[in-house]
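Me: I have a protein model in front of me and would like to learn how to read its strands, its helices and its confidence values. Could we go through them together, one feature at a time?

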Amino acid sequence: MEETTTNHDPQYQDAIKAVEKTLADLRRCPDEEKKQLQEDIAQLNSMHEKITQGRVEIVIFGEISTGKSALVNALIGRDVAEVDVQGGWTKQVWGTAWEGAGHRLKSLESSEIVIIDTPGINEVGGADRAQLADVTARRADLILFVTDSDLNDTEYAALVELAAVQKPIICVFNKQDLYQHEERNQLTAMLEQRLDGLIPANHFVMTTADPREIEYIIEQPNGETKTQWRKPAPDVAELKTLILETLEQEGLGLIALNAAMYAADKSDRISAIRVEMRNRQADQVIWTMAATKAVVVAANPLPFLDIVGGLAVDAIMIATLSKVYGLSFSMSQARGLAKSISAAGGLYALGELANVGASFFKLVTGTLGTALTLIPQAAAVGFGSYIIGQSAKKYFEQGGSWGTGSAKSVVKDILAKTDKDSVVNHLKDEIRTRLDWNRHGSKKDS
Ligand SMILES: Nc1nc2c(ncn2[C@@H]2O[C@H](COP(=O)(O)OP(=O)(O)OP(=O)(O)O)[C@@H](O)[C@H]2O)c(=O)[nH]1
Ligand SMILES: [Mg+2]
């Protein structure tokens with residue numbers, strides 16, 4: 001990835017590294033995981049671009065028609081956003097560069113400020129709103145929360161949600177031209193009270209982004225007067241100063257902190273998804289193989305029950321599990337691991353139990369007879385495989401090692417944690433289902 005900056009601020013460099021490391025982790029994910037994490041990859045890539053360019057993102061939130069788009073125009077100094085008398089005008093989140101701000105982050109020539117306009121918070125419903133606010137706010141370096149009177153419940157709830165994201169927030173009380181002195185003082189006092197504890201007192205400013213036309217009386221050269229309706233200039237000076245001051249103070253540190261937080265969030269999410277996906281896949285492999293082994297034992301004559309045959313199923317299971325965890329064990333490695341787990345847990349005993357049962361049965365009947373009577377033994381063999389599978393899973397979860405314990409302690413731990421009856425019952429059901437199905441085929445009267 002190319003560096004577009006030569007800034008050596010350590011905090012800033014660390015933040016870039018954090019984002020790059022998270023991206024590198026993502027690139028190493030197997031394809032299936034990558035598919036699930038597509039959006040995160042795209043978001044992180046744009047975060048990488050943002051931080052290397054030193055792009056500061058200011059996001060504007062607020063209810064419908066409070067003047068968010070008008071504020072973008074007033075700050076930028078020309079009409080870039082559509083302003084409308086009817087509420088609900090702005091439909092999507094979009095950003096525009098604030099070139100006239102004249103602000104550059106210290107020693108970061110390529111830096112720019114982008115102002116991002118969003119739809120009214122009451123425009124999108126509850127869960128979606130929270131989602132939108134969350135996604136947008138997480139990227140934001142600075143949040144402008146716009147209101148045009150006292151906060152209603154929706155606004156207050158949204159502001160609380162935003163404050164939880166831990167970004168600097170400026171509360172903008174817009175449409176000042178609509179208020180008389182007295183009313184303005186009352187509203188201001190109410191707002192200040194509401195904001196207390198949510199945002200610092202000096203992060204509250206008043207603006208007039210798009211004043212109503214007023215009637216001017218114009219004196220003409222001939223002494224006559226005429227009236228004309230004109231729009232006064234917007235007044236966002238105090239807000240602009242506050243934004244630039246905030247950026248000046250926090251500048252690079254702000255975007256660095258932000259990017260680092262973002263990367264940390266993402267890597268938590270990546271590991272959570274990865275753990276969950278692998279876990280699910282691994283369990284599926286273990287159940288399938290344990291049931292297969294149990295069914296094989298229950299349904300087939302004695303030769304299938306020998307240790308070598310049983311071990312083969314476990315080895316296939318372990319080789320498959322190794323792939324789930326991004327390691328690829330050969331069959332002989334897999335067999336080796338299966339053996340050592342069995343030995344560590346004394347699990348051959350479980351297999352032999354089945355052998356005894358089967359031999360006994362063969363002795364009595366001379367044939368396999370009804371497979372159904374072998375179910376308990378077969379389920380016991382399946383249980384052995386289940387434990388081997390879970391132990392191998394633990395081994396692979398730890399990157400192919402027993403961690404601080406030994407094979408023995410891991411198997412022992414797993415045996416202690418496993419609800420044996422429920423696993424065995426599950427396997428019994430599985431055998432019955434599969435054998436029943438068989439019975440309708442070839443083994444009708446066995
Ligand atoms: N009087 C007055 N009207 C304003 C001011 N700012 C905005 N308005 C008016 O308020 C209305 C809504 O303005 P917008 O900028 O579209 O508001 P918005 O918050 O972007 O609205 P949505 O995108 O629909 O959520 C328009 O009619 C603006 O002219 C202001 O400072 N004073
Ligand atoms: Mg708008």
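Reply: Let us begin with strand pairing in this predicted model, where strands S1 and S4 run parallel to each other and are joined over 5 bridges. Within that pairing, Ile 60 has Leu 144 of S4 as its bridge partner.

Me: Which strand do the other 6 bridges join to S1?

Reply: They join S1 to strand S3, residues 112-117, and this pair also runs parallel. Here Ile 60 stands opposite Asp 117 of S3.

Me: How many of the residues of strand S1 are buried?

Reply: A residue counts as buried when its relative accessible area is under 20%. In S1, which covers residues 55-62, 8 of the 8 residues are buried, so the strand is largely enclosed by the rest of the structure. Arg 55, Glu 57, Val 59 and Phe 61 point one way, while Val 56, Ile 58, Ile 60 and Gly 62 point the other way, and all of them are buried.

Me: Now for a helix: how far apart are the end C-alpha atoms of H7?

Reply: They are 21 Å apart, and since the 15 residues of this helix, 181-195, should span 21 Å at 1.5 Å a residue, the two values agree. Helix H1, residues 10-28, can be read in a similar way, for its 19 residues reach 27 Å from the first C-alpha to the last, close to the 27 Å expected.

Me: Which residues of H7 are buried, and which are exposed?

Reply: As a general idea, an α-helix has 3.6 residues a turn, so residues three or four places apart point the same way. In H7, the buried residues are Leu 187, Thr 188, Leu 191 and Leu 195. Seen down the axis of H7, its buried residues fall within an arc of 105 degrees, so they line one face of the helix. Glu 182 and Gln 193, on the other side of H7, are exposed.

Me: What do the buried residues of H7 pack against, and what follows the helix?

Reply: They pack against strands S4, S5 and S6 and against helix H6. After H7 comes Gly 197, whose phi is positive, near 90 degrees.

Me: Where does pLDDT stay under 50?

Reply: It stays under 50 over residues 1-5, for which the model has 13 contacts beyond four places in sequence, and also over residues 440-446, for which there are 5 such contacts. For the chain, the average pLDDT is 81, and 82% of the residues score at least 70.

Notes: Residues are numbered from 1 along each chain as its sequence is written. Chains are lettered from A and ligands numbered from 1 in the order in which they are written. This is a predicted model: local features need pLDDT of at least 70, side-chain atom pairs count only at pLDDT 80 or more; totals for chains, interfaces and linings use all residues. Side-chain values use heavy atoms; hydrogens and water are left out. Helices (H or I, at least four residues) and strands (E, at least two) are DSSP runs, numbered from the N terminus. The expected span of a helix is 1.5 Å times one less than its number of residues. Buried means under 20% relative accessible area, exposed over 50%, partly exposed in between (1.4 Å probe, protein chains only). The arc is that of the directions from the helix axis to the C-beta atoms. Contact means heavy atoms within 4.5 Å. pLDDT is the predictor's confidence in each residue, from 0 to 100. Two strands pair if DSSP finds at least two bridges between them.
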